[in-house]
Amino acid sequence: MRHGKKDNHLGRTTAHRSAMLSNLAISLILHKRITTTTAKAKELRKYVEPILTRSKDDTTHSRRIVFAELQNKEAIKELYGEVAGKIAGRPGGYTRIIKLSAGRAGDNADMCVIELVDYNETLLSAKSAGEAKATTRRSRRGGKKAEGAATTAAPAASTTQVETSAPADTATETLKEGETREDKTEESAS
């Protein structure tokens, strides 16, 4: 009986399953994002999260334990070098599973992308852009007027800039607002 045993065997023997999960973990660490079936991704998450947690503590003992699981020197270097630095402040949840809409062409298996959370640049840039622009729940008419006013104000501000190419002796002088470089040279000559 399998009371309380929640691991998905994925139709493989124990040795085959452990080798497959090790290979998937190595690929995830080296490439930061892989596409696989949903069942494999869920098992991989349970397999790789403790390894990532152990990588935060860079000791010989933890390196040996992780190497016993992965058996790949390049993956260990990447894990303890770049990946451990990025996940140092995160208390857990190092991976994200994103389900894909279409099934696999051959057997229509549910496919997904599993990735390291801190390495999704498109999602991180979208979050930072969303934080930079504060949105309100007001009508759209006010937004169009504000955008038009901002675009007309931008060219006016650019015309007040002064050209900075000058001889080496006057390059360190600063200009006051409304003052041109010729006015400054006349004052210094007198």
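## A quick tour of the fold

This protein has seven helices and three strands. Keep in mind that the model is predicted. Reading from the N terminus, the elements go α-β-α-α-α-β-β-α-α-α. Of the 190 residues, 28% count as buried. Among contacts between residues at least 6 apart in sequence, 59% join residues at least 24 apart.

**How far to trust it**

The average pLDDT for the protein is 81, and 68% of the residues score at least 70. Confidence is highest in helix 3, at 97, and lowest in helix 6 (residues 140–159), at a mean of 55. Over residues 156–172 the pLDDT is below 50, and beyond near neighbours in sequence this stretch makes six contacts in the model.

**The sheet**

The three strands form an open sheet in the order 1-3-2, with antiparallel pairing. Strand 1 and strand 2 are at the edges with a single partner strand each, so one side of each has no neighbour in the sheet. From one strand to the next, the twist averages 25°. In general, strands of a sheet pair through backbone hydrogen bonds.

Strand 1 and strand 3 run antiparallel and are joined by five bridges. If you want a spot to look at, try Ile34, whose bridge partner in strand 3 is Ile114.

Two helices lie across this sheet. Helix 1 crosses strand 1, strand 2 and strand 3, running at about 145° to strand 1. Helix 2 also lies across strand 1, strand 2 and strand 3, and runs at about 170° to strand 2.

**Helix 2 and the residue just before it**

Thr37 sits in strand 1 (residues 33–37), and helix 2 covers residues 38–55. Is Thr37 buried or exposed? Its relative accessibility is 11%, and because the cut-off for buried is under 20%, Thr37 counts as buried. Leaving out residues up to four places away in sequence, Thr37 touches Arg104, Ala109, Asp110, Met111 and Cys112.

Helix 2 has 18 residues and reaches 25 Å from its first C-alpha to its last, close to the 26 Å expected at 1.5 Å a residue. There is a bend, though: helix 2 turns by about 25° at Val48, and a proline, Pro50, follows within four residues.

Which parts of the structure do the buried residues of helix 2 pack against? They pack against helix 1 (14–31), strand 1, helix 3 (60–70), helix 4 (73–86), strand 2 (95–99) and strand 3 (111–116). The buried residues of helix 2 include Ala41, Leu44, Tyr47, Val48, Ile51 and Leu52. Lys40, Glu43 and Glu49 are also among the buried residues of helix 2. An α-helix has 3.6 residues a turn, so residues three or four places apart point the same way.

**Two loop residues with positive phi**

Most residues other than glycine have a negative phi. Gln71 and Asn108 go the other way, as the table shows.

| Residue | Phi | Location | Relative accessible area |
|---|---|---|---|
| Gln71 | near 60° | loop between helix 3 and helix 4 | 54% |
| Asn108 | near 60° | loop between strand 2 and strand 3 | 58% |

Gln71 counts as exposed, and Asn108 is exposed too. The loop that holds Asn108 links strand 2 to strand 3.

Notes
Residues are numbered from 1 along each chain as its sequence is written. This is a predicted model: local features need pLDDT of at least 70, side-chain atom pairs count only at pLDDT 80 or more; totals for chains, interfaces and linings use all residues. Side-chain values use heavy atoms; hydrogens and water are left out. Buried means under 20% relative accessible area, exposed over 50%, partly exposed in between (1.4 Å probe, protein chains only). Contact means heavy atoms within 4.5 Å. The expected span of a helix is 1.5 Å times one less than its number of residues. The bend at a residue is the angle between axes fitted to the seven residues ending there and the seven starting there. pLDDT is the predictor's confidence in each residue, from 0 to 100. Two strands pair if DSSP finds at least two bridges between them. Axes are lines fitted to C-alpha atoms, for helices over the stretch in contact, and angles run from 0 to 180 degrees between N-to-C directions.
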